[in-house]
Amino acid sequence: MAELKVQHSLAVLGSTFSQSCSPTPVAAPEWLAFNQPLADELALPEQYHATAVGLALFAGNNLPKWCQPIAQAYAGHQFANYVPRLGDGRAILLAEVKAADGQLYDIQLKGAGPTPFSRGGDGRSPIGPVIREYLVSEAMHALGVPTTRALAAVSSGEMVYRDEALPGAIMTRVAKSHIRIGTFQYVAALGDTARLTEFTDYVIARHYPQCANQQQPYLKFLQAVIAAQAATVAHWMSLGFIHGVMNTDNMTITGETIDYGPCAFMEAFDEKTVFSAIDRRGRYAYSNQPPVALWNLTRFAETLLPLLAADQPAAIQVASAALELFSQHYQAAYLQRMTAKLGIEHGVPEDAELISSVLVLMQQDKVDFTLFFRQLSSNKPAITGELFNDQNSWLNWFSAWQARITAQHRTDEQRVTAMQRVNPELIPRNHLIQQAIEQVTRDGDLSLFNQLKQAWLTPFNSDPAFVAFSRPASEQERVQRTFCGT
Ligand code: AMP
Ligand code: MG
């Protein structure tokens, strides 16, 4: 059997950054899902797959020797309010595993019981949020978005108590790391430049090794994190994804999307869309995501100030100049993604008008974001036109679009193929997730969950078996509000 290569580099950094902490065993674990392709990518030995040993591992009931469980420390701004000590309150990192591609991945249990950071919480999760995170994070991966992954989900055989008693579950999350902006905030708040340097060097070596041997490694690192997050958020925007809780503790240093709590995909286009029940002022509305990402990155840059220059005014200048690049990175990535969605091979800044004008029409006529781009891809202008009430404006836009795409040097067929590769047929529509959660929670019925899991593996295919999943929610089905995963 192939040997698993693991390390515990974060634990080795010492108790400033994490505390050792074992999962609390659960009464009667049962499989909800096991992600075989991901297990293979991780080169996880077979005994830890969908076996009894695997079940005991992913329930937190019996950890193999290669695990060295810890809870990580971090701080964070929650809805702009700084909280100096958050940390893994319901997550336990087991090990960093070297995958088949040579890259290190954290294996983390979520909902495995209390930790030193639980702050009175039970460290557990109801089954619903586990189902949501499993489905949405894997769908995001299939859509090509940088994201944490879902390796396993098991029910605990125990109830958790929220407003009501709900069956509990544990999800196994995989990520390049769980280091967030909030981790840097926590370290910076110690006010010890030596520790900050040690930690930053560690993160650079682990995630941005190309910055290590440069003239200004910390500035290069800051720039690289800004670029990574700008690219991820542009990708979200191009798919209508709304994260819902972009607190600084929920933004990874790698740019991987993390924490699928009140997240949701927008259906009818409206840039002010908010789903999260706790986001009363719309801080994390669809169109606010780019400026919020910049706000978060500004908090990140502040943590690095002692490393950026000899004195603070000079460091602030350096950091400000780096932050100014966010908008360039974001605009370029957004333009590239949106022009690709419109079938434009080489987007140019002048195409911004074509993008924004169709979004205005979609907003006005409440057009389903995903359906519109998919139908436009399929060369069915008449059907696409039916999505709009304002036919005059639609036809005007359509002729401008046609003029733009016919000026290109590629065949219609090539364009259609390219568009279908970036405009998904299937996205995780909220009402489907909701139905799957209800069926699992109420009846222990995994059939819809399994179907959705399968369908969302290939979101760019038009599979007749999954045609019902491409339809937007009806009035009765529509989910207006989503909730945090606690
Ligand atoms: P989140 O909203 O998921 O980003 O979580 C914010 C903070 O609350 C993190 O420090 C979590 O670890 C903590 N937390 C959330 N749910 C629980 C829970 N059930 N028990 C303990 N801590 C929790
Ligand atoms: Mg979080």
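A disulfide is counted here when two cysteine sulfur atoms lie within 2.5 Å of each other. By that criterion the structure, which is a predicted model, holds zero disulfides. Cys21 illustrates the point, because its sulfur is 13 Å from the closest cysteine sulfur, that of Cys67, which is too far for a bond. As for its surroundings, Cys21 counts as buried because its relative accessibility is 10%, under the 20% limit used for that word. Cys263 is likewise buried, with a relative accessible area of 3%.

At the level of the whole chain, the domain assignment gives domain 1, covering residues 7-181, and domain 2, covering residues 342-420. The centres of domain 1 and domain 2, taken over C-alpha atoms, are separated by 41 Å.

The metal site is a useful place to look next. The magnesium ion, ligand 2, is coordinated by Asn250 through OD1 and by Asp259 through OD, at 1.8 to 2.2 Å. Both of these residues, Asn250 and Asp259, are buried.

Asn250 also leads to the enclosed spaces of the model, since this residue is part of the lining of the largest cavity. The structure holds three cavities of 30 Å³ or more, and the largest cavity has a volume of about 70 Å³. Alongside Asn250, the lining of the largest cavity includes Gln229, Thr232, Val233 and Trp236, as well as Met251 and Thr252, and it continues with Gly255, Glu256, Thr257 and Ile258. Sorted by character, the lining residues of the largest cavity comprise four nonpolar, six polar and one charged.

Open spaces can be followed in a similar way, and here the second largest pocket is the example. The second largest pocket holds about 590 Å³ of space and is lined by 20 residues, of which Pro129, Glu164, Leu166, Phe483 and Cys484 lie nearest its centre. Two helices, H4 (127-142) and H15 (430-443), each supply at least two residues of the lining of this pocket. H15 gives the most to that lining, with five residues. The residues around the second largest pocket divide into seven nonpolar, six polar and seven charged, whereas the lining of the largest cavity has one charged residue.

Key
Residues numbered from 1 in each chain as written. Chains lettered and ligands numbered in written order. Predicted model: local features only at pLDDT ≥ 70, side-chain atom pairs only at ≥ 80, totals over all residues. Heavy atoms only, no water. 1 Å grid on protein atoms, 1.4 Å probe; cavity = no way out; pocket = protein on both sides within 12 Å on 5 of 7 lines; lining within 4 Å. Points joined across faces, edges and corners; volume = space filled by probe spheres on them. Nonpolar A, V, L, I, M, F, W, Y, C, P; charged D, E, K, R; others polar. Donors = N, O, S within 2.8 Å, 3.2 Å for Na, K, Ca; no water. Buried < 20%, exposed > 50% of the residue type's maximum accessible area, 1.4 Å probe, protein only. Domains from an automatic or database assignment. Helix = DSSP H or I, 4+ residues; strand = E, 2+ residues; numbered from the N terminus.
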